[in-house]
Amino acid sequence: MKNAPHNQESARKLTLLGSTGSIGKNCLDVVRQHRDLFSVRYLSAHQNADLLIKQAMEFRPHGVIITDPQFFENTRKELSGICRVYAGMEEMLAILEDPETDLVVNALVGGAGVMPTFTALRYGRDVALANKESLVVAGRLIMDLVKQKECLLLPIDSEHSAIWQCLQGEDRETVKRIILTASGGPFRDWPKEKLTEVTPEQALAHPNWNMGQKISIDSATLMNKGLEVIEAYWLYNLPVDQIDIVIHPQSIIHSLVEFRDGSLKAQLGHPDMRIPIQYALTFPGRLDLNIKNFSLEDIGELNFEKPEVNKFPCLKIAIEAIREGGTRTAVLNAANETAVRKFLNGEIKFTDIARLIDKTLQAHNPLQEYRLDEILEIHDWAQQYSHKISL
Ligand SMILES: NC(=O)c1ccc[n+]([C@@H]2O[C@H](COP(=O)([O-])OP(=O)(O)OC[C@H]3O[C@@H](n4cnc5c(N)ncnc54)[C@H](OP(=O)(O)O)[C@@H]3O)[C@@H](O)[C@H]2O)c1
């Protein structure tokens, strides 16, 4: 990092997009634990104005953005004299130009996070990225920009943070493969035939992690692991064949790297997102973090098994999409977002999620090369197309 926070004389200023979500709240808890090292420049929410107002009262940012404009007037009234209030995506993109921001944390969910990642990098800001959909939709363009602007793209996803930690001090040429761990989700032990009966409530109840709705459903279908393979492909510039997945139900090992001498490095810890969030904020240093003590004796055993791709076809569909490359992963992302929303609304079954994504991909004429406007247009097309599909 250009400046490690503990070497800086003043607090490091964060712009936190999606502060009212699961990652956003965990990030503010990290800031709360290190008030002398971090301050908040901007916060954002989409509709949860009540929480955004509360957060602004506590953290006193320079400004907040509420992206759904219907909540603007009330937010502005409540925060009058506290901070500036902006509305809508365009204003969110505009505040990313602010040179006072030291680090942008993108904790938005879904394709809405793509333009903010892209714009922050275009303005030369370092980005701590939770929004994996940015790389799934526009991985090549984003990684090109990271190189061109010499910015840091710091992973927050626990698996990618684990790999990144294992790679410190290592020559990338010596990496044989990376192994992403997956909890297997709530239906790991269910027979395949029973998956048609899964309800949204059951799918939202993740065994180890407390997360937002979309990623909880993605974890239940194993699409999340597919999205993470795509994320790792771009972040670590590795062919898909060098990215493996192992089911590890305890979620204690967050991922591993195998080197060519047969040695493996793993990163372990409680399934608590504050650990990878803080690492992204303090890299290359480490700070204390007030979380429960880690005890291998209490954990007792760690288990591993192969993922069942026939039972969870979303994983296979995602891996095929990145293997074939080009615009396919953007279509995959858009169709998945539609399918998750439809499942949560009770419009389709759990097992229809993969079918809807597959049908959308089949209707797409992929491009290998693309510009930003083209990929966003294709993402929009796939959202509309998948919305209208009847299964
Ligand atoms: N949660 C985890 O533990 C975890 C772990 C690893 C990676 N991630 C990744 O981190 C990202 C965030 O996940 P999350 O679980 O924190 O999601 P979340 O709880 O649903 O929070 C999403 C945040 O984005 C805002 N938002 C939603 N739709 C928006 C839109 N159209 N425009 C602008 N802002 C919008 C929400 O505002 P409102 O609250 O006002 O709706 C909220 O602040 C995802 O990409 C996820 O895959 C999450």
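**Domains and ligand shell in the predicted model**

Residues 1-7 keep a pLDDT under 50, and the model gives this stretch 24 contacts beyond four places in sequence. As for the rest of this predicted model, the protein has a mean pLDDT of 96, with 98% of its residues at 70 or more.

The protein splits into domain 1 (5-155) and domain 2 (172-268 + 307-324). Eleven residues from domain 1 and 13 residues from domain 2 make up the contact. From one C-alpha centre to the other, domain 1 and domain 2 are 27 Å apart. Interface size is often quoted as the accessible area lost when the parts come together. Here, domain 1 and domain 2 bury about 1000 Å² between them, and carbon and sulfur atoms account for 70% of that. On the domain 1 side, K132, L135 and V136 do a good share of the work: they supply 47% of the area that domain 1 buries against domain 2, more than any other three residues.

Now for the ligand. It is surrounded by 24 residues, with T20, Q47, N48, E133 and D157 the closest. Both domains chip in, as domain 1 and domain 2 each give at least three residues to this shell. By residue type, the shell comes out as ten nonpolar, eleven polar and three charged.

Backbone atoms take part too. A polar backbone atom of N48 sits 2.7 Å from an oxygen atom of the ligand, and for G212 a backbone N or O atom is 2.9 Å from a ligand oxygen. With A130, the distance from a polar backbone atom to a ligand oxygen is 3.3 Å. Taken alone, the ligand exposes 900 Å², of which the protein buries 85%.

Note on methods: Residues are numbered from 1 along each chain as its sequence is written. This is a predicted model: local features need pLDDT of at least 70, side-chain atom pairs count only at pLDDT 80 or more; totals for chains, interfaces and linings use all residues. Side-chain values use heavy atoms; hydrogens and water are left out. A residue is near a molecule or strand if one of its heavy atoms lies within 4 Å of it. A polar contact is a pair of N or O atoms within 3.5 Å; within protein, one must be able to donate a hydrogen and the other to accept it, and residues adjacent in sequence count only if both atoms are side-chain atoms. Accessible areas come from the Shrake-Rupley method with a 1.4 Å probe; for residues, only the protein chains shown count as cover. Ala, Val, Leu, Ile, Met, Phe, Trp, Tyr, Cys and Pro count as nonpolar, Asp, Glu, Lys and Arg as charged, and the others, Gly among them, as polar. Domain bounds come from an automatic or database domain assignment. pLDDT is the predictor's confidence in each residue, from 0 to 100. Contact means heavy atoms within 4.5 Å. Buried area is the accessible area (1.4 Å probe) that two parts lose on being put together, summed over both.
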